[in-house]
Amino acid sequence: MTVRGDSGEATAELVASRVLDVPDFPKPGIMFKDLMPLFADGEAFRATIDAIVSRHQGRFDVVAGIEARGFVIAAAVAYAAGVGVVPVRKAGKLPRKVLAATYALEYGEATLELHADAFTAGQRVLVVDDVLATGGTAAATLGLIERAGGTVTGFSVLMELEFLGARAKLAPREVHALLVVA
Ligand code: AMP
């Protein structure tokens, strides 16, 4: 089977070879995409981080990671690019004044928070996460960053579940997915 992604077939294959499908987690009917094998493989992890950095090279001043697997990616990208990292967290975790966004999940809702002073005005922000599913998390995050004064100049994920239609929801913002699953 051929695989595809926005950084070429070899990178897409690398990600595809390091993902485990876990059925019915965390709820019946959900096929969880477990990327821990990719994180645990030094060479593969470095190659995927490099692909994200090279895609956005020179176009971001800071990286925002979405709790919790996005933190792993954000910290590595930030280190490789020599920029800082900002966490987008679940409700109640950040100690100072926050901006909050509540959004719908498949069942119920969730809230994400960002420190209100996380960015300087117009700072260029690259947003990263592991899996793009319905796009609700990403849409809430991008909105929060803009409310905080940042300018989102890139959004990268390791894997996109294309059939859930997030790309259309996030348009005209560009999605960079290393592996696109139809
Ligand atoms: P969504 O808001 O539906 O795009 O969901 C994206 C967030 O939930 C990301 O932070 C993912 O880590 C997580 N997520 C959603 N669906 C899955 C899945 N099938 N496998 C792994 N993580 C998922």
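**Aromatic pairs, ligand environment and backbone geometry**

In this predicted model, the count of aromatic pairs comes to 2. Phe25 and Phe32 form an edge-to-face pair, with 5.2 Å from centre to centre and an angle of 85 degrees between the planes. The two residues of this pair fall into separate classes of accessibility: Phe32 has a relative accessibility of 18% and therefore counts as buried, the limit for that class being under 20%. Phe25, by contrast, is partly exposed, because its relative accessible area is 44%. In the pair of Phe39 and Phe45, the ring centres lie 5.7 Å apart and the planes stand at 75 degrees, so this pair is also edge-to-face; an angle over 60 degrees is required for that assignment. Phe39 and Phe45 are both buried.

The ligand is surrounded by 13 residues, of which Arg69, Asp129, Asp130, Thr134 and Thr137 come nearest. Several polar atoms of the protein lie close to nitrogen or oxygen atoms of the ligand. A polar backbone atom of Met31 is found 3.0 Å from a ligand nitrogen atom. A ligand oxygen atom lies 2.7 Å from a polar backbone atom of Gly135, and an N or O atom in the side chain of Thr137 is 2.6 Å from an oxygen atom of the ligand. On its own, the ligand has 480 Å² of accessible area, and the protein covers 83% of this area. The largest pocket is the space that the ligand takes. Two or more residues of the shell around the ligand are given by each of the elements β2 (31–34), β7 (124–132) and α5 (136–147).

The backbone was also examined for unusual geometry. Most peptide bonds are trans, and most residues other than glycine have a negative phi. A cis peptide bond is nevertheless present between Glu67 and Ala68, where omega is about -5 degrees. Ala68 is located in the loop between β3 (62–66) and α4 (69–81). Another cis peptide bond leads from Ala171 to Pro172, with omega near 10 degrees; Pro172 belongs to the loop between α6 (166–170) and β9 (176–181). Asp24, although not a glycine, has a positive phi of about 60 degrees. Asp24 is placed in the loop between β1 (20–23) and β2, and β2 is also one of the elements that give two or more residues to the shell around the ligand.

Methods. Residues numbered from 1 in each chain as written. Predicted model: local features only at pLDDT ≥ 70, side-chain atom pairs only at ≥ 80, totals over all residues. Heavy atoms only, no water. Phe/Tyr/Trp six-rings, centres within 6.5 Å; stacked < 30°, edge-to-face > 60°. Buried < 20%, exposed > 50% of the residue type's maximum accessible area, 1.4 Å probe, protein only. Near = heavy atom within 4 Å. Polar contact = N/O pair within 3.5 Å; in protein donor to acceptor, adjacent residues only side chain to side chain. Areas by Shrake-Rupley, 256 points an atom, 1.4 Å probe, with all protein chains shown as cover. 1 Å grid on protein atoms, 1.4 Å probe; cavity = no way out; pocket = protein on both sides within 12 Å on 5 of 7 lines; lining within 4 Å. Sits in = over half its atoms within 2 Å of the grid points. Helix = DSSP H or I, 4+ residues; strand = E, 2+ residues; numbered from the N terminus.
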